[in-house]
Amino acid sequence: VAVRLVGSELAATLRARSAEVAAELAAGGTPPPKLAVVVATEDESSHAYVRSIARAAHKVGLACDIVDLGAGASTPEIQKTLTALGDDDDVHGTIVQTPLPPGVAAQDVVTSIDPAKDVDGANPSSLGRLATGLPAFAPATAEAVIALLDHHEIELAGKDVVVVGRSTVVGVPVAHLLLARDASVTVCHSRTADLAAHTRQADIVIVAAGRPELVTGDHIAARTVVVDVGTNPTDDGGLVGDVAAAQVGAIAGALTPVPGGVGPVTTALLLWHTVDAARAR
Ligand code: NAD
């Protein structure tokens with residue numbers, strides 16, 4: 001049976017580190033690190049997620065402003081808000097929550113996030129810097145995958161890693177982070193001809209496809225390490241991953257649970273990035 005690669009322990013360590021540095025900054029007389037979350041939707045699950053980020057921020061001594069522009073916000077309005085947050089010295093981190101209003105494309109607004117405050121690596125300049133080995137904030141989810149593997153002492157150098165998914169939020173940045181750690185990386189996607197042929201050869205499989213239980217026992221060889229990034233809501237209000245957990249868990253060497261794997265580490269890293277940005281300032 002697969003080892004469960006839980007995220008709670010690492011998330012707690014990251015939160016403690018954030019709280020410690022935030023307290024140090026406060027002792028030095030500076031205002032608390034502040035995260036600003038821009039929301040432009042009426043989607044209730046997005047609002048619930050944003051509230052959970054704010055609660056998590058407050059718990060570690062960070063300030064968190066929810067900037068709710070409403071579901072009718074336009075592209076220029078969101079751009080202007082992000083530019084103003086970039087100019088606001090009290091704000092250290094800025095994220096834009098999706099979904100955005102109909103007609104607003106994420107790529108048209110994320111370029112207005114100040115790269116120094118781009119704590120979820122959404123501005124293409126951050127991904128470009130990441131790809132070229134320059135310091136930048138990686139998308140928190142992508143970094144959470146690597147941090148979780150490190151925490152559980154899973155070696156990356158020289159390993160064959162298959163990433164399932166090529167989004168700029170998860171798949172592509174995680175591939176760059178893996179290359180920087182000397183893994184050999186294959187990126188699969190919706191047009192991959194034979195997914196199982198790739199994943200069965202891998203030492204490590206990272207799945208970020210947004211397809212419930214896409215990866216089954218047939219995709220996985222014995223002892224493979226499997227990271228399930230997927231978070232797909234179920235009809236009864238629960239969450240399932242992109243990996244058929246019972247089947248894969250019986251074969252794989254290790255597997256992240258959903259929920260309780262990558263998710264908690266992602267939120268903790270978002271807060272840590274904000275503290276780090278405040279400290280750098
Ligand atoms: P996305 O929809 O932007 O991208 C999905 C990718 O999967 C695409 O590149 C697509 O080519 C690939 N794909 C789709 N179907 C496939 C198939 N049948 N075979 C192979 N590849 C296929 O999604 P995303 O934003 O990258 O998110 C992926 C998943 O991760 C979602 O379930 C999302 O909810 C979850 N997620 C979790 C966290 C977290 O903190 N845990 C954060 C972000 C996203």
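In which sense do strand β7 and strand β8 pair, and over how many bridges? In this predicted model, β7 (residues 204–207) and β8 (residues 225–228) run parallel to one another, linked by four bridges. One residue pair picks out the register: Ile 204 has Val 225 in β8 as its bridge partner. Helix α7, spanning residues 171–180, packs on the sheet and touches β5 (160–164), β6 and β7. The direction of α7 makes about 170 degrees with that of β6.

Zooming out, the sheet is an open one of six strands, with parallel pairing and the order β1-β11-β8-β7-β5-β6. Its edges are β1 (3–4) and β6 (184–188), each of which pairs on one side only.

As for domains, the protein chain splits into domain 1 (28–119) and domain 2 (140–263), and the centres of the two, taken over C-alpha atoms, sit 28 Å apart. The UniProt record, an unreviewed entry, places the feature "domain: Tetrahydrofolate dehydrogenase/cyclohydrolase NAD(P)-binding" at residues 139–279. Over residues 139–279, helix makes up 37% of the chain and strand 17%, with 19 Å between the end C-alpha atoms.

Then there is the ligand. The shell around the ligand holds 25 residues, and those that come nearest are Gly 165, Ser 167, His 189, Gly 210 and Thr 266. Sorted by class, the shell has 13 polar, 10 nonpolar and two charged residues. Helix α10 (residues 262–280) gives the most to this shell, chipping in with three residues.

Definitions and conventions:
Residues are numbered from 1 along each chain as its sequence is written. This is a predicted model: local features need pLDDT of at least 70, side-chain atom pairs count only at pLDDT 80 or more; totals for chains, interfaces and linings use all residues. A residue is near a molecule or strand if its C-beta atom, placed from the backbone, lies within 6 Å of it. Helices (H or I, at least four residues) and strands (E, at least two) are DSSP runs, numbered from the N terminus. Ala, Val, Leu, Ile, Met, Phe, Trp, Tyr, Cys and Pro count as nonpolar, Asp, Glu, Lys and Arg as charged, and the others, Gly among them, as polar. Domain bounds come from an automatic or database domain assignment. UniProt positions are given in the numbering used here, feature names are shortened, and annotations may be inferred rather than shown by experiment. Two strands pair if DSSP finds at least two bridges between them. Two residues are in contact if their C-beta atoms, placed from the backbone, lie within 7 Å. Axes are lines fitted to C-alpha atoms, for helices over the stretch in contact, and angles run from 0 to 180 degrees between N-to-C directions.
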